[in-house]
Amino acid sequence: MTLNVLIVEDEKMAMENLSRILLSHFPEIRIIGNTASIRDTVKWLQEHPDSADVIFMDVELSDGNCFEIFRQTTVNAKVIMTTAYDSYAVKAFEAGSIDYLLKPVDHEALKRAIDRCRQSASGIDIEKLSRIFGRKTEWRQRFIIRINDKILPVRADDIAYFYSEGKNTVLATFDGRKYIMDSTLDILSDELDPEKFFRISRSCILNMQAIESLVKHLGRLTVTASPRPDFEMTVSRSRTDDFMKWLENVK
């Protein structure tokens, strides 16, 4: 039986890898669409109701958390989540019998997920997904930094930005201090107040108060932040529109 598949993935390489494995190893699979954002996915689902049998859906998309898709439209297809991090959310998927894949996706894991999806009598459990990804009303007010035997609390309002450096996540404060953190940017994105912080790219989350100026050149938006980072701080092209709306609407 043919399975019509929609791929929701904002990383081109990850999307191409998943497409290649599906088409190479699963002749019954037919890819009927791919989207890269919440907005495009909602539009696709509304224009093609009941067209997809299975949706491969990345957890973190260019314009936010994938759960927003379920808030905005009806999803009748079976959903297989994909994520780069084996975090608490992934364990919650497993406990709730929700199918998921860790990136980079491999053939055997994909086969197991598709088999589970075929055997499942119902679609994704929206209530369980809501409990996992429901929007928080209380945001982290401070973070605990551990330096050897020393424990240092840092207030969220004192943080200028977070960024990835190799495999590390770095917290930078307004007074120029930097600390290595245990959390990933994906987890931090769910913990920070969205009125104060914006994830401008996969490698950086920025506090509104740290922005000094913006320069747009050849379609790229470069941020001058305070304190000055050791890297060029740019807004991803896919996030530029939402970033500008955020700047205009922040209270």
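1. Start with the outward side of helix 2 in this predicted model. Gln46 and Glu47 are exposed, and they sit on the face of helix 2 that points away from its buried side.

2. Now turn helix 2 over. Ile38, Thr41, Val42, Trp44 and Leu45 are its buried residues. Because these residues span an arc of only 160° around the axis, they end up on the same side of helix 2.

3. What lies over that buried side? The cover for the buried residues of helix 2 includes strand 1 (3–8), strand 2, strand 3 (54–58), strand 4 (60–61), strand 5 (64–65) and helix 3 (67–72).

4. Have a look at Ser37 too, which falls in the loop between strand 2 (29–35) and helix 2 (38–47). Is Ser37 buried or exposed? Its relative accessibility is 7%, so Ser37 counts as buried, the cut-off being under 20%.

5. As for the partners of Ser37, a polar atom of its side chain lies 3.1 Å from the backbone nitrogen of Asp40. Setting aside neighbours within four places in sequence, Ser37 also touches Leu61, Ser62 and Asp63.

6. Last, the cysteines. How many disulfides does the structure hold? The count is zero. For anyone setting up bonds, a disulfide is a covalent bond between the sulfur atoms of two cysteines. Cys66 is buried, at a relative accessible area of 0%, and Cys204 is buried as well, at 2%. Both values fall under the 20% cut-off, so both cysteines get that label.

Methods
Residues are numbered from 1 along each chain as its sequence is written. This is a predicted model: local features need pLDDT of at least 70, side-chain atom pairs count only at pLDDT 80 or more; totals for chains, interfaces and linings use all residues. Side-chain values use heavy atoms; hydrogens and water are left out. Helices (H or I, at least four residues) and strands (E, at least two) are DSSP runs, numbered from the N terminus. Buried means under 20% relative accessible area, exposed over 50%, partly exposed in between (1.4 Å probe, protein chains only). A polar contact is a pair of N or O atoms within 3.5 Å; within protein, one must be able to donate a hydrogen and the other to accept it, and residues adjacent in sequence count only if both atoms are side-chain atoms. Contact means heavy atoms within 4.5 Å. The arc is that of the directions from the helix axis to the C-beta atoms. A disulfide is a pair of cysteine sulfur atoms within 2.5 Å.
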